[in-house]
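Here is a walk through one protein chain, taken contact by contact. Have the viewer open and follow along.

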Amino acid sequence: ASADGAAIPWHRRGRWVVLAAIPTALLLGVTRHLSTDIASFPLLWAIPLALFLLSFVIAFGDRSERRIPGLAVRVRAWSVLVPLTLLGGGFVMTIVVHLGWFFAAATLAHLRLAADRPSVRHLTEFYAWISVGGALGGGIVALAAPVLFDRVWEYPLAIVAALALTTAPTGPRWTALARRYAIPGTIAVAGLVVLAGILRVDGELQPVAVALAAAGAISFAVIRNPASSALAMAALLAIVVALDPADVVRRERSFFGTYEVHRSERGLELVSGTTIHGREVPGVDTPTAYYHPLGPLGDVFGAVQPTDTAVIGLGVGEIAGYAGPADRTVFYEIDPVVVDLALDTTLFTHLERAQGEVAIEVGDGRILVEETTDAFDLLVVDAFSSDAIPVHLLTLEAVEAYRDRTDGPLAFHVSNRFFDLEPVLGR
């Protein structure tokens with residue numbers, strides 16, 4: 001190997017840091033998205049981590065640069081599916097699209113790193129800067145983003161950054177084509193994106209709007225212009241993520257997720273991810289939505305008539321509306337932000353209007369139930385975060401802990417977009 005001792009310019013070191021930071025940011029972003037809005041399975045994080053490490057193996061196991069142009073085109077083309085699945089999609093499709101695109105983008109970035117390796121004399125410094133980049137990307141997503149952003153911006157920004165770093169193929173044909181259509185193409189995509197925003201009806205994106213924006217992004221994937229592709233994707237993601245789907249009254253973010261209070265024709269609604277977790281209807285004193293007295297939970301309370309009720313998962317506290325003057329309801333809630341929202345009487349008044357005694361304990365519901373010495377007539381488990389399932393609350397051991405604290409029934413909230421949980425609980 002060459003022992004070239006030429007000095008390494010700082011801009012090259014900066015390129016190493018950026019190329020290492022973006023895949024790490026994507027790793028944490030896709031892991032958070034899948035584990036929050038899709039399924040909170042134990043060890044789910046191991047799948048994207050394995051793909052991340054595999055991309056290193058592939059990139060540094062073969063230093064061929066011939067793969068880069070073709071993979072760059074595929075990354076840009078496949079990226080159009082990512083924002084479409086953010087709008088909605090089946091479980092398998094969402095998993096495959098996000099993990100597949102992440103793997104391709106991470107491999108591309110690491111291939112560019114491998115292609116830019118210096119001589120043997122500088123390899124220690126090279127890998128040190130890669131470590132710095134990895135730590136930087138992880139720190140931005142895990143530490144800075146929850147403080148800087150009130151919603152999940154870091155994952156879409158990492159997607160756009162990855163697209164911006166894709167390498168344009170060499171060759172006079174594609175170079176001339178990109179130069180010829182870059183400016184008019186950018187103007188066309190901007191028009192499509194604006195039109196897509198205008199075509200939102202009642203706060204909801206219409207299929208034609210999504211199709212128009214996607215067509216613009218695909219057009220740039222076809223002409224293989226990385227800067228324009230990144231611009232088009234940024235605009236498409238802005239429509240999906242940035243534009244509020246309703247009149248947002250309040251927005252909060254914590255370690256456990258993002259929360260929005262929407263004002264709709266039905267009243268105020270607490271939304272986490274893609275799911276409504278409680279509602280306040282003006283002039284209605286009874287629980288609503290999932291918790292309505294004519295629904296399944298109303299049947300349970302009517303049959304049991306509990307005086308002591310434990311609830312894992314607070315939401316906006318609607319279940320407290322079932323308590324009589326002499327009854328007690330204990331809520332176990334892991335996120336203090338949810339507690340603040342539920343107690344804000346300018347938004348929700350269920351806890352304030354509750355006739356019985358209401359207690360709120362902050363912490364993991366399963367642990368708090370195991371630690372308490374109280375006995376309950378009814379225990380309700382409703383602790384979903386968006387559509388993610390807190391699996392540790394649905395295990396045999398967890399149910400045994402619940403049974404130790406109540407002689408009455410257990411009520412589980414099992415509605416879910418992706419999974420049929422009833423047979424799981426039945427077993």
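## Glu-125 and its salt bridge

Let's start with Glu-125, which is partly exposed because its relative accessibility is 25%. Keep in mind that this is a predicted model, so all of this is read off computed coordinates. The side chain of Glu-125 meets that of Arg-13 in a salt bridge, at 2.3 Å from N to O. This pair links distant parts of the chain, with Glu-125 in helix 6 and Arg-13 in helix 1, 112 residues apart.

Is Arg-13 buried or exposed? Arg-13 has a relative accessible area of 13%, so it goes down as buried. Arg-13 also lies over the face of Trp-10, at 4.3 Å from the ring centre.

## More charged pairs

How many salt bridges does the count come to? The answer is 14. One of them is between Arg-279 and Glu-269, whose side chains meet at 2.9 Å, N to O. Here the link runs between strand 4 (residues 275-280), home of Arg-279, and strand 3 (residues 267-272), where you'll find Glu-269; the two are ten residues apart. Arg-279 counts as buried because its relative accessibility is 12%, and Glu-269 is buried too, with a relative accessible area of 3%.

Next up are Asp-308 and Arg-328, with a salt bridge of 2.9 Å from N to O between their side chains. Asp-308 sits in strand 5 (residues 308-312) and Arg-328 in strand 6 (residues 328-333), so to speak 20 residues apart, and the pair links distant parts of the chain. Asp-308 is partly exposed, at 22% relative accessible area. There's also a network: Arg-12, Arg-15 and Asp-116 are joined by salt bridges that share partners.

## Aromatic rings

Now for the rings. A pair of aromatic rings is described by two things, the distance of the centres and the angle of the planes. The chain has ten aromatic pairs by the rule used here. Take Phe-60 and Phe-126: their ring centres are 6.5 Å apart and the planes stand at 50 degrees, so this pair counts as tilted. Phe-60 lies in helix 2 and Phe-126 in helix 6 (residues 123-148), so the pair ties together parts that are 66 residues apart in sequence.

Both Phe-60 and Phe-126 are buried. Which residues make up the aromatic cluster? Trp-16, Phe-52, Phe-56, Phe-60, Phe-126 and Tyr-127 form it together.

## Ser-55 in helix 2

Stay in helix 2 for a moment, where Ser-55 is found. Ser-55 counts as buried because its relative accessibility is 0%. What does Ser-55 contact, leaving aside neighbours within four places in sequence? Its partners are Phe-103, Ala-106, Thr-107 and His-110.

## A nonpolar patch on the surface

On the surface, Leu-43, Trp-45, Leu-49 and Leu-53 form a nonpolar patch, and together they have about 410 Å² of accessible area. Leu-43 has its place in the loop between helix 1 (10-38) and helix 2 (46-61). With a relative accessible area of 58%, Leu-43 is exposed; the cut-off for that is over 50%.

## Gly-324 in its loop

Where does Gly-324 lie? Look in the loop between strand 5 and strand 6. Despite the loop setting, Gly-324 counts as buried, since its relative accessibility of 18% falls under 20%. Not counting residues up to four places away in sequence, Gly-324 touches Gln-355 and Gly-356. The C-alpha atoms of Gly-324 and Pro-306 are separated by 9.3 Å, and the two residues are 18 apart along the chain.

## The whole chain

Zooming out, the chain has 16 helices and nine strands. It holds 427 residues, of which 49% count as buried. The accessible surface comes to about 19900 Å², and 63% of that belongs to carbon and sulfur atoms.

As for contacts, consider those in the chain with a separation of 6 or more: residues 24 or more positions apart account for 73% of them. The salt bridge between Glu-125 and Arg-13 is one example of a link across the sequence, with its 112 residues of separation.

Note on methods:
Residues numbered from 1 in each chain as written. Predicted model: local features only at pLDDT ≥ 70, side-chain atom pairs only at ≥ 80, totals over all residues. Heavy atoms only, no water. Patch = residues over 30% accessible without salt bridge, like charges linked within 9 Å, V, L, I, M, F, W, Y side chains within 5 Å. Areas by Shrake-Rupley, 256 points an atom, 1.4 Å probe, with all protein chains shown as cover. Salt bridge = Lys/Arg side-chain N within 4 Å of Asp/Glu carboxyl O. Helix = DSSP H or I, 4+ residues; strand = E, 2+ residues; numbered from the N terminus. Buried < 20%, exposed > 50% of the residue type's maximum accessible area, 1.4 Å probe, protein only. Contact = heavy atoms within 4.5 Å. Phe/Tyr/Trp six-rings, centres within 6.5 Å; stacked < 30°, edge-to-face > 60°. Lys NZ or Arg CZ within 6 Å of the ring centre and 35° of its normal.
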